[in-house]
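The following exercises are to be worked with the sequence and the coordinates at hand. Each task is followed by a solution in steps.

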Number of protein chains: 2
Amino acid sequence: MTNDKKIFHKRTERRDAAENRQRILDAALKLFNQSGVGQVSMNQIATEAKIGPGTLYRRYRNKGELCLDLIKDNVVLLFEDIDTYLEENREESPSLRFKAVLSLFLRFRENKAQLLKGVEDSMSTNSGNPLTNSPIYNELHQIFVNLFEEIYPPESTRVKNAFRADMLLLALRSDSYLFQREVRGYSSEMILEQIYSIFISNK
Amino acid sequence: MTNDKKIFHKRTERRDAAENRQRILDAALKLFNQSGVGQVSMNQIATEAKIGPGTLYRRYRNKGELCLDLIKDNVVLLFEDIDTYLEENREESPSLRFKAVLSLFLRFRENKAQLLKGVEDSMSTNSGNPLTNSPIYNELHQIFVNLFEEIYPPESTRVKNAFRADMLLLALRSDSYLFQREVRGYSSEMILEQIYSIFISNK
DNA sequence: ATGATAAACGGAGATGTCTCCATTTGTCAA
DNA sequence: TTGACAAATGGAGACATCTCCGTTTATCAT
């Protein structure tokens with residue numbers, strides 16, 4: 001343990017780097033609370049953290065990565081919650097478990113709406129599709145595929161469950177979720193209900 | 001006709017303005033073909049068209065509006081095709097008409113993939129949701145809602161058809177369509193089939 | 001024709017993203 | 001302790017978006 005660095009020939013994070021990291025996180029959080037994630041530029045964050053822009057960009061290639069770092073703990077918790085629920089409720093029907101997972105995610109989405117939008121916005125600006133690149137969505141995709149496989153056995157449906165899960169994830173992305181929330185005026189619960197009914201054919 | 005301007009107290013577009021408009025369109029088309037829509041900046045277009053950046057931005061608030069102008073004719077044609085089809089096939093089943101409209105749109109999407117992506121990209125960067133702001137998607141939304149109402153009478157489904165249409169339009173957006181096309185490796189026909197099967201419950 | 005006027009123009013500049021690289025600094029081995 | 005080296009730094013600068021505003025110009029009424 002004390003010798004990890006020797007054993008693996010890997011240097012530990014330099015002390016000044018660790019300090020800067022924390023200063024960045026503090027600065028970002030402060031500015032985000034002050035003006036909203038969308039309004040804050042990387043430059044402002046660098047200035048507030050008293051570091052050069054280059055330093056900031058080496059650590060976080062864009063604002064999305066910074067936002068992701070800021071919610072990393074919550075993401076881990078979310079997936080722990082999901083795993084726990086799924087393990088403790090193996091006996092429940094797949095559709096009920098599906099709804100529960102959806103519900104857990106939507107709660108998370110409501111809590112971290114701004115930062116999550118920050119993540120997705122720069123993902124789509126910088127590197128194609130949020131679906132592909134965000135680890136969050138990849139992991140969710142796997143979870144939903146598994147549930148769908150129980151509900152729609154591959155031999156009984158013309159739709160590939162990976163595709164079905166892709167469609168579901170579209171509905172959970174910030175832009176579409178917030179659109180339903182703000183433009184169409186749905187509550188979180190109503191959105192859940194609608195999504196559920198579309199993806200679980202209620203025979 | 002010769003007196004529209006007098007009658008309506010509206011000046012006609014100035015000659016130099018009209019010339020510039022055409023120069024912009026030509027320049028944009030040339031550069032787009034040369035390097036791809038995504039790689040070309042507004043500055044480059046302004047330079048190529050031999051006008052100042054301010055002039056370009058007054059006419060088109062962003063690259064998306066320019067792209068939209070470039071495909072406006074095709075958009076009109078698309079909706080004419082859809083209207084014609086729907087009028088000539090009133091007797092067909094709603095699901096068949098649904099699939100046909102989907103097919104017409106996907107053909108359009110394949111033809112104008114780059115420019116359409118250009119439109120949607122700046123829509124989402126600049127003004128929230130492509131769903132809301134693009135006239136194309138608004139009109140499609142209406143068409144799909146009408147078809148859904150035939151297939152799923154409001155009293156028989158828990159899902160609002162406006163919501164269903166919103167979900168469908170998500171699947172038709174550039175980023176998700178191209179994701180299926182390029183990452184998942186589906187052909188246009190396979191995507192059509194999958195979307196159809198998800199939104200038309202095949203009892 | 002011509003002058004008043006609204007429209008169009010262009011380019012400077014504010015702000016933002018992101019890269020590059022000369023310089024500094026912490027760390028580890030000797 | 002020290003010096004070599006990898007890691008980290010910061011800021012200049014390349015480009016991009018987009019705005020603002022003083023200047024030019026086409027058009028219409030007279």
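A residue is called buried when its relative accessible area is under 20%, exposed when that area is over 50%, and partly exposed in between, with a 1.4 Å probe and the protein chains only. The model is predicted, so local features need pLDDT of at least 70 and side-chain atom pairs pLDDT 80 or more, whereas totals for chains, interfaces and linings use all residues. Residues are numbered from 1 along each chain as its sequence is written, chains are lettered from A and ligands numbered from 1 in the order in which they are written, and side-chain values use heavy atoms, without hydrogens and water.

**Exercise 1. A salt bridge within chain B**

Task: Determine whether Arg109(B) is buried or exposed, and identify the residue with which Arg109(B) forms a salt bridge.

Solution.
1. Arg109(B) has a relative accessibility of 2% and therefore counts as buried.
2. A salt bridge requires a side-chain nitrogen of Lys or Arg within 4 Å of a carboxyl oxygen of Asp or Glu. Arg109(B) meets this rule with Glu120(B), the closest N and O atoms being 3.1 Å apart.
3. The pair links helix H6 (residues 94-111) of chain B, which holds Arg109(B), to helix H7 (residues 113-126) of chain B, which holds Glu120(B); the two residues are 11 apart. Helices here are DSSP runs (H or I, at least four residues), and strands are runs of E of at least two, both numbered from the N terminus.
4. Glu120(B), at 6% relative accessibility, is buried as well.

**Exercise 2. A salt bridge within chain A**

Task: Describe the salt bridge between Glu193(A) and Lys99(A) and state which parts of the chain it ties together.

Solution.
1. The N to O distance between the two side chains, Glu193(A) and Lys99(A), is 3.6 Å.
2. Because Glu193(A) belongs to helix H12 (residues 188-199) of chain A and Lys99(A) to helix H6 (residues 94-111) of chain A, the pair ties together parts that are 94 residues apart in sequence.
3. Glu193(A) is partly exposed at 31% relative accessible area, and Lys99(A) is partly exposed at 24%.

**Exercise 3. The interface of the two protein chains**

Task: Characterise the contact between chain B and chain A by residues, by area and by salt bridges.

Solution.
1. With contact taken as heavy atoms within 4.5 Å, 29 residues of chain B touch 29 residues of chain A.
2. Buried area is the accessible area (1.4 Å probe) that two parts lose on being put together, summed over both. For these chains it is about 2,700 Å², and carbon and sulfur atoms give 60% of it.
3. Arg158(B), Phe163(B) and Ile198(B) supply 24% of the area that chain B buries against chain A, more than any other three residues.
4. Six salt bridges are counted between chain B and chain A. One of them joins Asp166(A) to Arg184(B), with the closest N and O atoms 2.7 Å apart.
5. On the side of chain B that touches chain A, H12(B) gives the largest share, seven residues.
6. Arg173(A), Asp175(A), Arg173(B) and Asp175(B) are linked in a network of salt bridges. Within it, Arg173(B) and Asp175(B) have their closest N and O atoms 3.7 Å apart.

**Exercise 4. The surface near the DNA**

Task: Establish which protein residues and elements surround DNA strand D and DNA strand C.

Solution.
1. A residue is near a strand if one of its heavy atoms lies within 4 Å of it. For DNA strand D there are 26 such residues, the closest being Arg14(A), Asn20(A), Arg58(A), Arg15(B) and Asn43(B).
2. Sugar and phosphate make up 67% of the atoms of DNA strand D that come within 4 Å of the protein.
3. A polar contact is a pair of N or O atoms within 3.5 Å; within protein, one must be able to donate a hydrogen and the other to accept it, and residues adjacent in sequence count only if both atoms are side-chain atoms. An N or O atom in the side chain of Arg14(A) is 2.6 Å from a base nitrogen of DNA strand D, and a polar backbone atom of Met42(B) is 3.2 Å from a phosphate oxygen of that strand.
4. Elements giving two or more residues to this surface include helix H2 (15-35) and helix H4 (53-59) of chain A. The largest share, five residues, comes from H4(A).
5. Around DNA strand C there are 27 residues, among which Arg15(A), Asn43(A), Asn126(A), Arg14(B) and Asn20(B) come nearest.
6. A backbone N or O atom of Met42(A) lies 3.1 Å from a phosphate oxygen of DNA strand C. Elements that give two or more residues to the surface near DNA strand C include H2 and H4 of chain B, and H4(B) has the largest share, five residues.
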